[in-house]
Amino acid sequence: MTERRPIVAGNWKLHLDHVEAVHHVTELGMRLRAMDVASIDVVVVPPFTDLRSVSSVIEAEKLELGLGAQHVSEFDQGAYTGEVAAAMLSRLGVTIVLVGHSERRTFFHMDDATVARTAAAALRGGLTPMICVGESEDERADGATDEVLARQLGAVLGELAGVDAERLCVAYEPVWAIGSGTAATPEDAGSACAHLRKLAEQHLGEAAASLRILYGGSVSADNAAELVTPPDVDGLLVGSASLTPAGFAGVLGAVTDCYRSSRRSPRR
Ligand code: PGA
């Protein structure tokens, strides 16, 4: 039996400075103490400038909260003004990093080859890359979803020969669902994640069964439980609903209730 421990990660994007972040994580910690989230990995993904402060709160309060970063350099060190290396993040207590989020691909021209090199750099620096993939609205309308996912995931896994599937994560984030208020249906999210697992098998073999694949895009406390119901969806990447402690706790509560009920078991 393969065990895939679910992850719910809150991507703050370009929101909350380090002072706001301390308040946010302190309140989130209090809410988490009153909940039973032991069956899932909970991760916050703040801007770079918050990482040190957030990691201090996590340590001081002994919170069961993982720390993620939103981006990392494809380079380990050198004359690359403005870049932040994976090893630097790792030293701050960061364990996971988003790679190839659609906003990086769209606004910062990150192509598939750069995503692949960045994922490799994350692994070299001791971080788990969360590789974000997903089709645009036009690609979806053209029926090209499967092809886009194959291209995006193939570009990365093709560069990571021999990688341990447990040191990777994938997030299926349809671009049209991000920030739009319209999430994918659980059926569509489930079939895209199942397709991604099949694609991953081509590179990882049987180990693809232990790869964690998340859904992201307009996740809320209202739709979170149904979105983690399909068997190939191993958690959620949450944007705007993670910007308040109450909002994120609402999503976490819905997900843990779902796993506690007979609908879904985290250990399969
Ligand atoms: P959203 O963002 O939940 O606000 O749609 C998700 C994401 O971009 O990771």
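Q: Which residues does S218 touch, not counting residues up to four places away in sequence?
A: Happy to start here, keeping in mind that this is a predicted model. S218 has its place in the loop between β7 (212–216) and α9 (224–227). Leaving aside residues up to four places away in sequence, the residues S218 touches are A177, G179, S180, G181, T182, A183 and N223.

Q: Which backbone nitrogen atoms does the side chain of S218 reach at 3.4 Å?
A: Two of the residues that S218 touches, S180 and T182, are worth a second look here. The S218 side chain comes to 3.4 Å from one backbone nitrogen, that of S180. At 3.4 Å it also reaches the backbone nitrogen of T182.

Q: Does S218 count as buried or exposed?
A: The cut-off helps here: buried means under 20% relative accessible area. S218 has 19% relative accessibility, so this residue counts as buried.

Q: How far apart are the end C-alpha atoms of helix α5?
A: Let's move to helix α5, which has 13 residues, 112–124. At 1.5 Å a residue, α5 should span 18 Å. The model agrees with that expectation, because the end C-alpha atoms of α5 are 19 Å apart.

Q: Which elements do the buried residues of α5 pack against?
A: Helix α5 is mostly covered, with 10 of its 13 residues buried. Among them are D112, T114, V115 and L123. The buried residues of α5 pack against α3 (86–91), β4 (96–99), α4 (102–107), β5 (128–133) and α7 (145–157).

Q: Which residue with a positive phi follows α5?
A: Helix α5 covers residues 112–124. The residue that follows α5 has a positive phi, near 90 degrees, and is G126.

Technical notes
Residues are numbered from 1 along each chain as its sequence is written. This is a predicted model: local features need pLDDT of at least 70, side-chain atom pairs count only at pLDDT 80 or more; totals for chains, interfaces and linings use all residues. Side-chain values use heavy atoms; hydrogens and water are left out. Helices (H or I, at least four residues) and strands (E, at least two) are DSSP runs, numbered from the N terminus. The expected span of a helix is 1.5 Å times one less than its number of residues. Buried means under 20% relative accessible area, exposed over 50%, partly exposed in between (1.4 Å probe, protein chains only). Contact means heavy atoms within 4.5 Å. A polar contact is a pair of N or O atoms within 3.5 Å; within protein, one must be able to donate a hydrogen and the other to accept it, and residues adjacent in sequence count only if both atoms are side-chain atoms.
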